[in-house]
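Thanks for passing this one along. Here is a friendly note to read with the viewer open.

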Amino acid sequence: MDTAIRNHVLIVEDDDNIRRFISINLINNGFVVSEAANQGEALQSFTTDHPDVIVLDIMLPDGNGFEICQKLREQDPGVIIVFLTARGQDLDKIKGLEIGADDYIVKPFNPLELVARIKAILRRTELVVKPQRLVLQSGPIRMDLNANKVFKHDDLIELTPKEFQMIRTFLEHPDTALSRNELMNLVWGEDYIGDPKTVDVHVRKLREKIEDDDSNPYWIETVWGVGYRFRKEG
């Protein structure tokens, strides 16, 4: 993850009017914008334009946003993905978050809310490196703030931006029981309005990546009735 200004947004939406509407609002708020009307155009633009943020509709004429999200995550685990869709069922939201989306906005939507959500995500993922704290570590789990990378032993762990922010929050508050609401505020920001189940989804995905046995977690403990606690070692 680069510390330079990240302001290039790729809009993947097959409705021309909605796509242009989003584009105009983002441009008016200082973003650089690329557009795609289908999966093929999205993958091509992703390769050539290297966007920082992708606003992704789920229903597309040549595929669906879930498939594209998985493909993009494989190519760049650090890209920010925001689903924008008419499908507002909880199962769709949970599926989107599980496969790597950073946020999920349901149509109809306020364009100012979309801009605010994108800015909030970017604020949380633009890490300010403090000279006195370049490395956060507990046992074999090590976060290098200079490189914006996380390792277990010497193996690099590929994380989404939200997973990166979440493990940083845990490492900055070791042996502390954090409620779901506290994690929402620290990772997504106090201005984020979302379902606390979002935290559970991201914790589950994070456990799959850092635990030896994610069904019997050692590092991220569940504190029943409260939330989660990260074990401190060393």
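The points below go through the sheets, the aromatic pairs and the salt bridges of this predicted model.

1. **The parallel sheet.** Let me start with the sheet of 5 strands, which is open, pairs in the parallel sense and has the order 2-1-3-6-7. Its edges are strand 2 and strand 7 (103-106), each of which pairs on one side only. On average, neighbouring strands here are turned by 20° against each other, direction ignored. If you would like a spot to look at, take strand 1 (residues 8-12) and strand 3 (residues 53-56), which are joined by 4 bridges in the parallel sense. Within that pairing, Val12 has Leu56 of strand 3 as its bridge partner.

2. **Helices on the parallel sheet.** Helix 2 (residues 39-49) packs on this sheet and touches strand 1, strand 2 and strand 3. The direction of helix 2 makes about 170° with that of strand 1. Helix 3 packs on the sheet too, with contacts to strand 3 and strand 6. Here the angle between the direction of helix 3 and that of strand 6 is about 175°.

3. **The antiparallel sheet.** A further open sheet has 4 strands in the order 8-9-10-11, with antiparallel pairing. Strand 8 (135-138) and strand 11 (155-157) are the edge strands, each pairing on one side only. The average turn between neighbouring strands of this sheet is 25°, direction ignored. Helix 6 (residues 161-172) packs on the sheet, where it touches strand 8, strand 9 and strand 10 (149-152). The direction of helix 6 makes about 110° with that of strand 9.

4. **A closer look at strand 8.** Strand 8 is joined to strand 9 (residues 141-144) by 4 bridges, and the two run antiparallel. One of the pairings to check is Gln137, whose bridge partner in strand 9 is Arg142. The hairpin of these strands has 2 residues between them, and Gly139 takes a positive phi near 55° there. In a regular strand, side chains alternate between the two faces of the sheet. Strand 8 shows such alternation: Leu136 and Ser138 point to one face and are buried, whereas Val135 and Gln137 point to the other and are not buried.

5. **Aromatic pairs.** The structure holds 5 aromatic pairs. One of them is Phe66 with Phe83: their ring centres are 5.5 Å apart and their planes stand at 85°, so the pair is edge-to-face. Because Phe66 lies in helix 3 (residues 65-75) and Phe83 in strand 6 (residues 80-85), the pair ties together parts that are 17 residues apart in sequence. Both Phe66 and Phe83 are buried.

6. **The aromatic cluster.** Tyr218 and Trp219 also make an edge-to-face pair, because their ring centres are 5.0 Å apart and their planes are at 90°. Are these two residues buried or partly exposed? Tyr218 is partly exposed, with a relative accessible area of 34%, while Trp219 counts as buried at 6%. Together with Phe170 and Phe230, Tyr218 and Trp219 form one aromatic cluster. Please look at Arg231 as well: its charged end sits over the ring of Tyr218, 3.8 Å from the ring centre.

7. **Salt bridges around Glu35.** The count of salt bridges comes to 16. One of them joins Glu35 to Arg19, with the closest N and O atoms 2.9 Å apart. Glu35 lies in strand 2 (residues 32-36) and Arg19 in helix 1 (residues 16-28), so this pair ties together parts that are 16 residues apart in sequence. Arg19 is buried, with a relative accessible area of 10%, whereas Glu35 is partly exposed at 27%. Salt bridges link Asp16, Arg19, Arg20 and Glu35 in a network.

8. **Two further salt bridges.** Asp200 and Arg180 meet through their side chains in a salt bridge, at 2.8 Å from N to O. The pair links distant parts of the chain, with Asp200 in helix 8 (residues 197-210) and Arg180 in helix 7 (residues 180-188), 20 residues apart. Arg180 counts as partly exposed, at 26% relative accessibility. Arg229 and Glu221 form another salt bridge, with 3.4 Å from N to O. Arg229 is partly exposed as well, at 27% relative accessibility.

Technical notes: Residues numbered from 1 in each chain as written. Predicted model: local features only at pLDDT ≥ 70, side-chain atom pairs only at ≥ 80, totals over all residues. Heavy atoms only, no water. Pairing = 2+ DSSP bridges. Axes fitted to C-alpha atoms, helices over the stretch in contact; angles between N-to-C directions. Contact = heavy atoms within 4.5 Å. Buried < 20%, exposed > 50% of the residue type's maximum accessible area, 1.4 Å probe, protein only. Phe/Tyr/Trp six-rings, centres within 6.5 Å; stacked < 30°, edge-to-face > 60°. Lys NZ or Arg CZ within 6 Å of the ring centre and 35° of its normal. Salt bridge = Lys/Arg side-chain N within 4 Å of Asp/Glu carboxyl O.
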